[in-house]
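Grab a coffee and let's work through some exercises on the hollows in a protein model. Try each task yourself before reading its solution.

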Amino acid sequence: MSGMTVGFVGLGAMGQGMAANLVKAGHTVRVWNRSPEPVAAMVARGALAADGLADVFAADAVVSMLANDTAVERLLLDPALLEAATAGTHVNMATVSVALAERAEALHAEYGIGYVAAPVLGRPPVAEAGELNILAAGSAESLAAVEPLFAAMGRRVWHFGERPGQANTAKISTNFLLACAIESMAEACSLAEANGVRPTDLIEMLSGTLFPGPVYSGYGSMVAERRYEPAGFKLPLGLKDVDLALSAGAAARVPLPFGSVLRDAFLDALAHGDGEKDWAAVAAVARRRAGLPE
């Protein structure tokens with residue numbers, strides 16, 4: 001199946017690349033964003049400007065990439081909007097809470113709309129290249145309906161079950177692990193530097209031996225070099241994801257003791273004015289605690 005009409009909501013750094021790849025794949029893409037500038041940029045790339053959210057939900061399928069639970073709840077979980085919708089499926093590709101996924105699934109079902117959760121792994125350049133890893137969950141019918149959209153936006157789809165919240169759980173768990181890795185690298189680099197070892201040398205050794213791969217080579221070099229700008233994923237979003245993990249853990253009675261340490265570290269970084277930096281800037285907290293120069 002190809003040539004779908006797609007409504008796309010949320011043209012942030014990730015959404016623009018994702019929507020552009022849908023256009024490139026031959027889909028008719030109606031875009032909507034709270035600020036007009038990204039809409040104009042996408043129209044220049046071949047998309048159509050939606051008249052409003054009702055126009056978005058009149059497409060064959062809707063893809064949304066909003067910042068958080070609050071934005072999704074306020075904009076897209078409006079019963080009047082869903083009641084009038086003719087779209088068969090809504091794919092929410094944002095990182096949102098498990099609780100929101102469950103509410104959204106139930107509300108969409110009430111109005112006969114399929115709901116798929118499909119958060120992604122990858123930064124904006126990866127989204128632009130159409131190389132995202134997509135973590136998906138939903139009914140088999142709904143997943144099949146949007147498979148052509150996934151093919152345009154990602155390199156691989158990872159299936160996590162029939163309940164949308166399962167995909168959000170997988171994404172939250174992944175981001176929690178990433179945050180833990182950044183914090184542990186920050187502490188290890190601080191320990192090394194305080195004892196005369198260059199953090200860059202430590203990370204080069206670790207990423208070339210015990211911990212190969214993009215997390216330790218990428219984030220490790222950012223931590224070792226104290227290179228936190230430009231931000232690919234801003235620090236407040238990291239705090240949001242740690243809070244999502246703590247909330248999911250509390251709901252399932254799963255203790256996440258390191259999560260509380262991470263939350264305090266992110267709050268410390270925000271209090272020191274690092275909110276516009278990459279979330280790897282949480283490493284500066286470990287340096288301050290160790291008395292190392294900033």
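The exercises below deal with the cavity and the pockets of this predicted model.

**Exercise 1.** Find what lines the largest cavity, and work out which helix gives the most to that lining.

*Solution.* Start with the count: the structure holds one cavity of 30 Å³ or more. The largest cavity comes to about 40 Å³. Next, go round its wall: you meet Ala-186, Cys-189, Ser-190, Pro-199, Val-223, Ala-224, Tyr-228, Ala-283 and Arg-287. Now sort them by element: α9 (164-194), α11 (214-225) and α14 (283-289) each bring at least two residues, and α9 gives the most, with three. By class, that lining has seven nonpolar, one polar and one charged residues.

**Exercise 2.** Describe the largest pocket and say which domains line it.

*Solution.* First, the volume: about 1200 Å³. Then look towards the centre: of the 41 lining residues, Met-14, Gly-122, Gly-232, Phe-233 and Leu-237 are the closest to it. Among the elements supplying at least two residues are α1 (13-24) and α12 (235-251), but α11 gives the most, with five. Finally, the domains: domain 1 (5-162) and domain 2 (168-289) each contribute at least three residues to this lining.

**Exercise 3.** Do likewise for the second largest pocket: which element has the largest share of its lining?

*Solution.* This pocket has a volume of about 310 Å³. Its lining has 17 residues, with Val-98, Thr-169, Ala-245, Ala-248 and Gly-249 nearest the centre. Two or more residues come from each of α6 (98-110), α9 and α12. The largest share, six residues, belongs to α12. By class, you get 11 nonpolar, five polar and one charged residues.

Definitions and conventions:
Residues are numbered from 1 along each chain as its sequence is written. This is a predicted model: local features need pLDDT of at least 70, side-chain atom pairs count only at pLDDT 80 or more; totals for chains, interfaces and linings use all residues. Side-chain values use heavy atoms; hydrogens and water are left out. On a 1 Å grid over the protein atoms alone, a cavity is a set of points where a 1.4 Å probe fits but cannot get out, and a pocket is an open set with protein on both sides within 12 Å along at least five of seven lines; lining residues have an atom within 4 Å of a point. Grid points are joined across faces, edges and corners, and a volume is the space filled by probe spheres set on the points. Helices (H or I, at least four residues) and strands (E, at least two) are DSSP runs, numbered from the N terminus. Ala, Val, Leu, Ile, Met, Phe, Trp, Tyr, Cys and Pro count as nonpolar, Asp, Glu, Lys and Arg as charged, and the others, Gly among them, as polar. Domain bounds come from an automatic or database domain assignment.
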